[in-house]
Amino acid sequence: MKQNNIHEILLNNDFFIDKTTNVWRPVELPAFAYNDGDEAENYVLKSVTESADVSINSKELSDKMKDWPSTYHLSSRRSNLLRPFEQWLKGKKVLEIGCGCGAITRFLGESGADVVSVEGSLRRAQIARARTRDLSNVDVICAPSDIIPDIGHFDAVILVGVLEYARVFLGRDGQKTLLDSCRDRMTETGKLFVAIENKLGIKYFSGVNEDHVNMPMFGINNSYTEKSVVTFGRSELKAVLANSGFLHNEEFLPLPDYKLPVSIICPRGWKNFSSQFSQLAIESAHQDPQKNSENYFSIEEGLYNIWNNDLAPDLSNSFLMVSSQIKPDEEIIDQTIAAYHFSDGRANEFKKTTLFKTNLNDELVVLTSGGDVSIPSSVNEHSIVESGVFHDGESLWLSLVHTVNKPNWTIQDIVCWSSIWINEIQKRASLSKEFNSLTVLPSEFLDAMPFNFITLDNGDKKLFDQEWNSPAEITLGYIVFRGIFHSLLRLTSISSSPSYRGESIADYSLSIMNAIGFSCDDDLKNTWLKAEADFLASVQSKDAVAILSVLKEVKLNVRRDSAKAIVNDLNTAIEEQKHLQGHIAELLTVADERASVIQSLELDIAGKEMTIKTLEDANRENVDKLNNSHLELLDKISLRDKQLTELYNDAALNEQLLGQCRHENHLLQQQLNGIYDSSSWKFSAPIRVISRRTPSYLRNPARVIFRKFFYIGQSVKVKSGQVVRNVIRPAKLLTTRVNQRSRTYAQRVYHALPDRYKLSALKVAMKLKPEWFYDHPSFIRTNESIAGIRQAKTDWMVDINTCRDNFKGTPGKVAVHCHIFYHDLINEFSAHLSVIPFSFDVYVSVTTEEGRDVCTNALKKIKNISNLYVEIVPNRGRDIAPMFCQFGERLKEYDYVCHIQSKKSLYNGGTTLGWREYLFNTLLGTEKNTNRIFGLFQDNPTVGIIFPQAFVQVPYPAFTWLANKQDGAMLCQRIGIPMPESYYHFPAGSNVLGKNVSNETSF
């Protein structure tokens, strides 16, 4: 089935491809409780996404390996597990279940297979997709394997480190459920690749922790439960496979295990040449990154025993089973191949593959490939012998293994071992018997190490695998130091000995050389260590300084002699017991002497206890009195607080009533002034003068007559006034509307003018209509006589058009908070945010899901928005509460914060029409305007906040406290600022740009 058909099946089963990750996933993704830790996986994700080269042999990824999780997920060594099958995989349809972070997935894709990889963890699936982003023949699906629909039949199914987790995710019979599913997804001749730990692996007997629970002997003790991970022995694993119909198994043995193998022993190898490959198995032990610091025995000696007794398939650390339902017609590998060995801990140009095959006489031959025939470098020259005879025998290094794992070995034993090897070098280099550490050797002896000497059956020594030559002069001292150092470095553990006291391997190698007869000091040691670090850095393409620091400090791992240690501990305990018994006898004597003293003291204490009891009773009475007094005092304080609260409330009420009285008095005064200025008052002045001079007996009749004339005149005045108002009102209303429209049109014309004409136009407009510009800074500067509330301080007001517009760069971290209650205005917001010429983050508060979708779709198109957050908030606190309550903690982190909102002011019937457009245009408007504002911040460090001056349509009372004076006083006192009185400037309309000078104060 082609991959596009797989895509169609997935789409028809409620799967979709996530455009941000390119991973297929279901609409509802179940939770998946497995990962290597957030920090570890995020580091791997970052490493893969930031690397240009994500291939198997990527040097970028190799350089980012820093710990076990990153090494496991990024190392090219992972692919060695399936390298023997690379040719067979080409063109095959492969299903990989539990692909993790994509190390095996990448190899399958590079091998030319059509790959579908399944992973339950979304983050790990994202990493796997990023690792294979350039491979069109790979699909990654994020979902548990049991919910994947039928997507066809596959030639191979891969389970690498997965079968052991089946119980955890699929229940008690999870292994059978998983294997049955794999069988149903395979073709009849398909192959199942299962890589899993062997619970009876030799390293687990030596005390190494079980991989999944990090406890020793866990699998050997059968401590697994029905819901836990579980691994198997060889026969158990084959039975589990057979129970699901996989009756035919080809058993491959990865060394040191399946995770990071350096060798793969094929069935022909372990069946027919087990003892011959014991050396390969033993030398793989030190390349296991999961070694233990406390071993019960030497893993090398354990491997020597099992491979020389045909126990390797039962006690190997891991299995690689290639299983099928029927006996396969085609061979998955060439049946003459016995083993593979990969020398891959190197730069790509130096990697090599060694193939062990049998010839027609069923004899082992060696074929080597990889690297160039000769690649020069600043430190070494490299060459590969492409084929040769297999040399059967033990290496000189294995003799050292036997030596240092004997009880109470000595440094002299190592000297004897070293002498055999040095004599071989002496003979081959034709050195005289008088040699020292400065004796010069031919360059081809750079690689004449003990592990490259084989002792044949006749006792002769065979030097093989000579890859490296030195272009520079080398000395015998350097080669001997190098050989001893690396021979000790390869040991996973040694038996305890008085000859080794825990010094570094470098220092111990120097001691051995001096015991041999070389005269060496620390200066020579440091010279040789640096030369070796430079050599290894050239071979591995790593940092020489980092390598040198490791070489200087590394030590041998000494096993504790358990039986001897127990006896010593027991003898020590017996001696301590004897000492304690004598000490106890002495103490008993002293105790008897002190018994009488204690008795007298007890009597004295009893008397004093009575005294203390009496004092305590008296004290208790005093405490009770104090407590009662304290409670009475608290009641008084509470009552006083209540009275003060009432007085404060009364004072606040009185202040409010006083304000109302003052307001009413002001209104009455205005009415009185109106009466004094009225025509009636002036007209009646002579009458009032006459009335004051009229005799009292004539005043009452005169008042009656005057009232009648007054009521007649008042009626005439009211009716005539109504007539006048009916005539004047439409004309006045028309004038107001004309003025408003004229002003709006004039503003639009002004903003549309080129900058060079705006100042002239402004001067003309101020002369024609001065009442429009009472608050404009230019008008105030030229009309300083304006009185009252229009006399705003000019140092608060700046004509933004006079500021420089050449601000460049980014002013720091900038955030814009947009409260968009009316999302139909989103195009206005998009237009104004688009003029900001540098990167910034946007926080949007909306009150509906529709608003969230509209705002997200519109604003995500703006290129300079680095991070966009659109969140639904309660419709409370207008536009201010969302900024502080929803986003306040996040906005603390920014240098500048701008706040704008979708202001319509529908409550005032349109009297402030154009307010929002004015605020937006003044605060943002154009790129030049934005540059002017940030230039103003840059040129004036004391400027903390910038906002548009008052909109002309907003009445001046809006710039006073009105009914908020009491709350304002409390707030000003809390912040610690003086309270403004009467009229004062503030950003009416709540559109403002501020410098986040003090996070604690602002937010």
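Two strands are said to pair if DSSP finds at least two bridges between them. Helices (H or I, at least four residues) and strands (E, at least two) are themselves DSSP runs, numbered from the N terminus. The structure shown is a predicted model, in which local features need pLDDT of at least 70 and side-chain atom pairs count only at pLDDT 80 or more, while totals for chains, interfaces and linings use all residues. Residues are numbered from 1 along each chain as its sequence is written, and side-chain values use heavy atoms, with hydrogens and water left out.

The confidence of the model may be considered at the outset. The predictor's confidence in each residue, pLDDT, runs from 0 to 100. Its mean over the chain is 85, and 84% of the residues reach 70 or more. Two stretches may be noted here. Over residues 372–379 pLDDT stays under 50, and the model has 17 contacts (heavy atoms within 4.5 Å) for them beyond four places in sequence. Residues 784–794 also have pLDDT under 50 throughout, with 16 contacts beyond four places in sequence. Where pLDDT is low, the predicted coordinates should not be read in detail.

The strands come next. An open sheet of 3 strands follows the order E17-E19-E20, and its pairing is antiparallel. At its edges stand strand E17 (394–395) and strand E20 (461–463), each of which pairs on one side only. Strand E19 (residues 453–455) is joined to E20 by 3 bridges, and Thr-455 has Lys-461 in E20 as its bridge partner.

Further along the chain, strand E28 (residues 992–995) pairs with strand E26 (residues 896–901) in the antiparallel sense over 4 bridges. Here Tyr-896 has Lys-995 in E28 as its bridge partner. E28 also pairs with strand E27 (residues 945–946), again in the antiparallel sense, over 2 bridges. In that pairing Ile-945 stands opposite Gly-994.

Aromatic rings provide another view of the fold. Rings of Phe, Tyr and Trp (its six-membered ring) pair if their centres lie within 6.5 Å; planes under 30 degrees apart count as stacked, over 60 as edge-to-face and the rest as tilted. A search of the whole structure finds 27 aromatic pairs. In one of them, the rings of Trp-468 and Phe-535 have centres 5.7 Å apart and planes at 85 degrees, so the pair is edge-to-face. Trp-468 belongs to strand E21 (residues 468–469) and Phe-535 to helix H20 (residues 522–540), so this pair ties together parts that are 67 residues apart in sequence. Both residues are buried, a term for under 20% relative accessible area, with exposed meaning over 50% and partly exposed in between (1.4 Å probe, protein chains only).

Phe-934 and Phe-937 form a tilted pair, 6.1 Å centre to centre with 50 degrees between the planes. Both lie in helix H33 (residues 927–939), 3 residues apart, about one turn of the helix. Phe-934 counts as buried because its relative accessibility is 5%, and Phe-937 counts as buried at 2%. Ring pairs link these two residues with Phe-807, Phe-838 and Tyr-896 into a cluster. Tyr-896 is also the residue whose bridge partner in E28 is Lys-995.

Rings also meet charges in this model. The charged end of Lys-92 sits over the ring of Trp-88, 4.7 Å from its centre, where the criterion is NZ of Lys or CZ of Arg within 6 Å of the ring centre and within 35 degrees of the ring normal. The charged end of Lys-93 sits over the ring of Phe-154, 4.7 Å from its centre.
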